[in-house]
Amino acid sequence: MHPYDNVNYDGSLAWYVGSKNTDSDQSKYPAGRALKAITGFNYIAYGCSTTGKSNLESSQVKSKLVSTINTGHAVLACGRSNSQGTSYMPGYPAGKYGHWIASDGYRDDGKQVWVVDPAGSNTGVLGSSWKSVFAYYSVSIDKFTDFAWYHGILW
């Protein structure tokens, strides 16, 4: 049995399923459903920017991130690194790249966020332009928020 059998997994983990990503119907966020099925933790999706609510504040993300991690669960962000903006993630090539990242920890009371990045040093799949991305690094809560703002966050 595949762990995603009860969430209609189709080989990819979409952020949102529907015509417009602005509602609070959690059934339309397959990543949250898949994580709940696997972990038993009730992940809640918060869509923002182009896919939902227009704002995402660092203070809100910090509060939710700290409380979620303190329960023993990671926070996932479906966002975009933009080398021309504040969401640019360390080591990413120039351009705009949509991507999933996770946070499994924080320091300085949540002002710094530990990031688990599946793109980290994954040159075999992504190519040599990704060689400077580490699999584990920290960023400010502001940068994490700016990255997540493009699609949303699961906490």
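This passage describes the fold, the sheet, the nonpolar cores and the helix packing of a predicted model.

The chain has 155 residues, of which 40% count as buried. Its secondary structure comprises four helices and six strands. Read from the N terminus, the elements follow the order α-β-α-β-β-β-α-β-α-β. Contacts that span much of the sequence are frequent: among those between residues at least 6 apart, 61% join residues at least 24 apart. The exposed surface of the chain comes to about 7900 Å². Carbon and sulfur atoms supply 51% of that area.

The six strands form an open sheet. Their order across the sheet is β1-β6-β2-β3-β4-β5, and the pairing is antiparallel. Strands β1 (residues 45–47) and β5 are the edge strands, each paired on one side only. From one strand to the next, the twist averages 35 degrees. In general, strands of a sheet pair through backbone hydrogen bonds, in either a parallel or an antiparallel manner.

Strand β2 covers residues 75–82. Seven of its eight residues are buried. On one side, β2 pairs with β3 (residues 96–107) over eight antiparallel bridges. In this pairing, alanine 77 stands opposite isoleucine 101 of β3. β2 also pairs with β6 (residues 152–154), through three bridges and again in the antiparallel sense. Here leucine 76 faces leucine 154 of β6.

The largest nonpolar core contains 23 residues. Within this core, Tyr92, Ile101, Phe144 and Ile153 have the most contacts. Two or more core residues come from each of α2 (58–70), β2, β4 (112–116), β5 (136–140) and α4 (141–148). Helix α4 gives the largest share, four residues. A further core, of 11 residues, lies apart from the largest one. Its members include Phe41, Cys78, Trp100 and Ala102. As a general tendency in soluble globular proteins, nonpolar side chains are buried together.

Isoleucine 101 illustrates how the largest core is connected. This residue lies in strand β3. Its relative accessibility is 2%, below the 20% cut-off, and isoleucine 101 therefore counts as buried. Beyond its neighbours within four places in sequence, isoleucine 101 contacts Val75, Leu76 and Ala77, among others. Its further contacts include Met89, Tyr92, Val115, Val116, Asp117 and Pro118. Phe144 and Phe147 are also in contact with isoleucine 101. Glycine 79 is 22 residues away from isoleucine 101 along the chain, and the C-alpha atoms of the two are separated by 7.9 Å.

Helix α4 lies across five strands of the sheet, namely β2, β3, β4, β5 and β6. Relative to β2, α4 runs at about 80 degrees. Helix α4 also packs against α2. The axes of α2 and α4 come within 9 Å of each other and cross at roughly 100 degrees. Angles of 65 to 115 degrees count as roughly perpendicular, and the two helices are therefore placed in that class. In the contact between them, Ser58, Val61, Lys62 and Leu65 of α2 meet Ile141, Asp142, Phe144 and Thr145 of α4. Phe144 thus appears in the helix contact, among the residues with the most contacts inside the largest core, and among the contacts of isoleucine 101.

Terms used: Residues numbered from 1 in each chain as written. Predicted model: local features only at pLDDT ≥ 70, side-chain atom pairs only at ≥ 80, totals over all residues. Heavy atoms only, no water. Buried < 20%, exposed > 50% of the residue type's maximum accessible area, 1.4 Å probe, protein only. Contact = heavy atoms within 4.5 Å. Areas by Shrake-Rupley, 256 points an atom, 1.4 Å probe, with all protein chains shown as cover. Pairing = 2+ DSSP bridges. Core = buried A, V, L, I, M, F, W, Y, C linked by side-chain atoms within 4.5 Å. Axes fitted to C-alpha atoms, helices over the stretch in contact; angles between N-to-C directions. Parallel < 35°, antiparallel > 145°, perpendicular 65-115°, else oblique.
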